[in-house]
Amino acid sequence: RSAARCGTLLKAREDNGSGLPPSTPAMNGLYSAVLASPLAAGAYADLALPLGGQFYFLALSCAAVYLGAERSVRQPPPRSLSFEQTLAAPLLASASLFGFYLVLQYTDLDLRAFLRAYFGLVALACVSGALTEPARSLAPGDLGEPDRVVDLPRWLLKDGEGEQVSLEYAPSDLGALALALALVAYSSAHPSDWALANVVTVSVAAELMSVISLGSFGASAALLGGLLIYDAFWVYASPAVVGANVMVTVATSEQFNGPTKLLFPSAHPEVMPFSILGAGDVVVPGLLLCLLRRFDQSRENAARARREEERRARAAGRKGAGGGGRLAGIAAAFGWGREAEAEVEAEAENEDEGEGGEPSLFAAGLAAYAAGEVITVLVNVTTGAPQPALVFLVPCCLGTALAAAAVSGRTHLLPRRT
C-alpha cells in the first residue's frame, strides 16, 4: 500500500493527478446553460422579481466557480503564484484602482479605445479556451481530435525554458474560436447588452481560475486576507480618505466596460442603472476553491490506487508490500524531498480513514461561497449601501475549509498542500 501511494503521487506529477477526461456531460450542459442564459435573463429581468439580480448573480458566479474548478483539475497543472506574489497582489490592485480613479477624475484622457482593445484580447483568449473542450466533446467523428500541430513563432510565445511552443488543435477548435470572436465582438460593440456581457465575464472568470493556482493553502489565505482589506478600504474608508467611493466610481464608469463585472438591471435605476458583482468577487474565492478541488481529487486518486493495489495483492495471494518504515527510502528514490515524504507518511497514518467517505472540501467551500453571497445581499438590502463582497466571502470560504478539514481530520495536510 505504501508503494501504491508513492506511485499515485508520481502519477500525479505526470498527468495532473486526475486521470479525468477534459470534459463531462455535466460540464457541457452547464456551459450550454451559461451560453443560453441571456435569453432567460432578459425574461427574468422583465418580471422584476424581488432580489432577482441577486439570485441571478448567485447562479452565474457558482457556475463560474464550478467550471473553473473542474477545468483546473482536468488539464495540465496551472501556473502557481508564489507567496510573495500573493502578498504583493493587494498593493498592485490598490495602485491600479487608484490610478484609474485619478485618470477618471482629474484628466480628460479617454481610455475607452485602449481598454476595449485590451479587454477584447483577454476575453477572446479566455472565451475560446473555455469553449474548446465542450466543442471537442460535441464534435462528430474526428473533428474533435487534436491531431493537428502548429509551431508558434518563438518571438510570439516561449515556454518556461525559452523553447518554441507547439500547439495541438482540433478542427472543432476553429469553430470555438469563431464563436468566441462573435461573442466578444458583439459584446464590445453593444455594452448595453448586459446579459451577453455576463456570458463573456463568466467565461473569463472560469478560464482564469483554471490556468492560475495559488500554490498553497497559506498563499491562498494570504491573498484572500490581503484582498479583503483592499476591498474593505476602497469601499468603506475611501470616502473619508479621498472624498469619494473609489471602488464604486471606477466600477460604474462608462470607460471601464469589459469582462470585469456581472451586471443586472437595478431595482432603483434612478440611483444606479445596474446592480454589480465584480469578477474579482468570483475569481479570488474561486482560486481557493480550485485548490480545494485539486486536494479532493488527489485524495480520491490515492484511495482508488490503494484499493486497486489491495485487490491485485489479494488476487496474487499476497498481503501487501512495504510499510511505513520504507516510505522515506521510496520517497527519496523518486526525489520528492521532505514535503512529499511527510505527505506520504500522513497518508500512511490515515490509511484506514476516509476510504471514499471523506467529506468534499470543495463542496463545503462552494456552499460557503453561496452563503457568503447571501450574507452580502442581506447586508446590502439592510443598509442600502454598496458592500465589498470579499469582506463576507473570505471568512466564509476560509473558515469553512478549515472547519471541514478539521472535521475529517485533514487539517494537518492543508498547510502542505501545493
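**Exercise 1. The whole chain**

What share of the 418 residues of the protein counts as buried?

*Solution.* Start with the source: this is a predicted model, in which local features need pLDDT of at least 70, side-chain atom pairs count only at pLDDT 80 or more, and totals for chains, interfaces and linings use all residues. Residues are numbered from 1 along each chain as its sequence is written, and side-chain values use heavy atoms, with hydrogens and water left out.

Next, set the cut-offs: buried is under 20% relative accessible area, exposed is over 50%, and partly exposed lies in between (1.4 Å probe, protein chains only). By that rule, 44% of the 418 residues are buried. Then add the secondary structure: the protein has 14 helices and six strands. These are DSSP runs numbered from the N terminus (helices: H or I, at least four residues; strands: E, at least two).

**Exercise 2. Helix H6**

Work out whether the length of H6 fits its residue count, then find its buried side.

*Solution.* Step one: the expected span is 1.5 Å times one less than the number of residues. H6 covers residues 171–189, which is 19 residues, so it should span 27 Å. Its end C-alpha atoms lie 28 Å apart, in agreement.

Step two: list the buried residues. They are Ser-172, Asp-173, Ala-176, Ala-180, Leu-183, Val-184 and Ser-187. Their arc around the axis is only 105°, so they sit on the same side of H6. The arc is taken from the directions from the helix axis to the C-beta atoms.

Step three: look at the face turned away. It carries the exposed residues Leu-174, Leu-181 and Ala-189.

**Exercise 3. Salt bridges**

Locate the partners of Glu-207, Asp-173 and Glu-308.

*Solution.* Apply the criterion: a side-chain nitrogen of Lys or Arg within 4 Å of a carboxyl oxygen of Asp or Glu. The whole structure yields nine salt bridges.

- Glu-207 pairs with Arg-71, with the closest N and O atoms 2.3 Å apart. The pair joins helix H7 (residues 194–211) to helix H3 (residues 52–73), across 136 residues. Both Glu-207 and Arg-71 are buried.
- Asp-173 pairs with Arg-136 at 2.8 Å between the closest N and O atoms. Here helix H6 is linked to helix H5 (residues 112–138), 37 residues apart. Arg-136 is buried at 18% relative accessible area, and Asp-173 at 11%.
- Glu-308 pairs with Arg-312, with the closest N and O atoms 3.1 Å apart. They are four residues apart in helix H10 (residues 280–315), so about one helical turn separates them. Glu-308 is partly exposed, at 29%.

Finally, note a network: salt bridges link Glu-70, Arg-74 and Arg-293.
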